[in-house]
Amino acid sequence: MGLLGLFNKEYTIQYQVIEQDEIVDTDRLIIKAGDHTAARKKADTMLRKQFGRTQYQYKIEWVQRF
């Protein structure tokens, strides 16, 4: 574990999967990050890779530290 790993906290990100203005799924990710903004950015990058060029869109609902 590196020095930065000591300061990372665990964040839960809830997001919705949307297809043609209809919510088709709601799910959560658990991300380790230094702060709330970094966790949101990491989740956004992961979701963009997963849903990037499909008919689905995603919307991050909330980020919370547990």
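**Figure 1. The hairpin of β1 and β2 in the predicted model.** In this predicted model, strands β1 and β2 form a hairpin, and two residues lie between them. Q20 sits in the loop between β1 and β2, and D21 is found in that loop too. Have a look at the backbone of Q20: its phi is positive, at about 50 degrees, although Q20 is not a glycine. D21 is also a residue other than glycine, and its phi is a positive value near 60 degrees. Are the side chains of this turn buried or exposed? Q20 counts as exposed because its relative accessibility is 74%, over the 50% cut-off. D21 counts as exposed as well, with a relative accessibility of 81%.

**Figure 2. The pairing of β1 with β2.** Moving away from the turn, you can follow the two strands side by side. How many bridges link β1 and β2? Eleven bridges join them, and the pairing is antiparallel. Two cross-strand positions make handy landmarks here. E19 of β1 stands opposite E22 in β2, and Q16 stands opposite T26 in β2.

**Figure 3. The open sheet of three strands.** Here the view takes in the whole sheet. It is an open sheet with the strand order β2-β1-β3 and antiparallel pairing. Which strands are at the edges? They are β2 (22–33) and β3 (57–65), each of which pairs on one side only. From one strand to the next, the twist averages 20 degrees. On the β3 side, β1 runs antiparallel to its partner, and eight bridges join the two. A useful landmark for this pair is I18, which stands opposite Q57 in β3.

**Figure 4. T12 and its surroundings in β1.** Strand β1 is mostly covered, with eight of its eleven residues buried. T12 is placed in this strand, which spans residues 9–19. Is T12 buried or exposed? T12 is buried because its relative accessible area is 11%, under the 20% cut-off. Which residues does T12 touch, leaving aside its neighbours within four places in sequence? T12 is in contact with R28, L29 and I30, and also with W62, V63, Q64 and F66. If you are tracing these contacts in the structure, R28, L29 and I30 fall in β2 (22–33), while W62, V63 and Q64 fall in β3 (57–65).

**Figure 5. The buried and exposed faces of helix α1.** Helix α1 covers residues 36–51. At 1.5 Å a residue, its 16 residues should span 22 Å, and the end C-alpha atoms are indeed 22 Å apart, which agrees. Which residues of α1 are buried? They are A39, A43, L47 and F51. Seen down the helix axis, the buried residues fall within an arc of 80 degrees, so they line one face of α1. What covers these buried residues includes all of the sheet's strands by name: β1, β2 and β3. The face turned away from the buried side carries the exposed residues K41 and K49.

**Figure 6. A38 of helix α1 and Y11.** A38 lies in helix α1. How accessible is A38? A38 is partly exposed, with a relative accessible area of 26%. For a sense of distance, compare the positions of A38 and Y11, which are 27 residues apart along the chain. Their C-alpha atoms are separated by 9.9 Å.

**Figure 7. The salt bridge between D44 and R48.** Side chains of opposite charge can pair when their charged atoms come close. In this model the count comes to one salt bridge, and this view is centred on that pair. The side chains of D44 and R48 meet at 2.6 Å, N to O. Where do the two partners lie? D44 and R48 are both in helix α1, four residues apart, about one turn of the helix. D44 is partly exposed, with a relative accessible area of 23%.

Definitions and conventions: Residues numbered from 1 in each chain as written. Predicted model: local features only at pLDDT ≥ 70, side-chain atom pairs only at ≥ 80, totals over all residues. Heavy atoms only, no water. Buried < 20%, exposed > 50% of the residue type's maximum accessible area, 1.4 Å probe, protein only. Contact = heavy atoms within 4.5 Å. Pairing = 2+ DSSP bridges. Axes fitted to C-alpha atoms, helices over the stretch in contact; angles between N-to-C directions. Salt bridge = Lys/Arg side-chain N within 4 Å of Asp/Glu carboxyl O. Expected span 1.5 Å × (residues − 1). Arc of directions from axis to C-beta.
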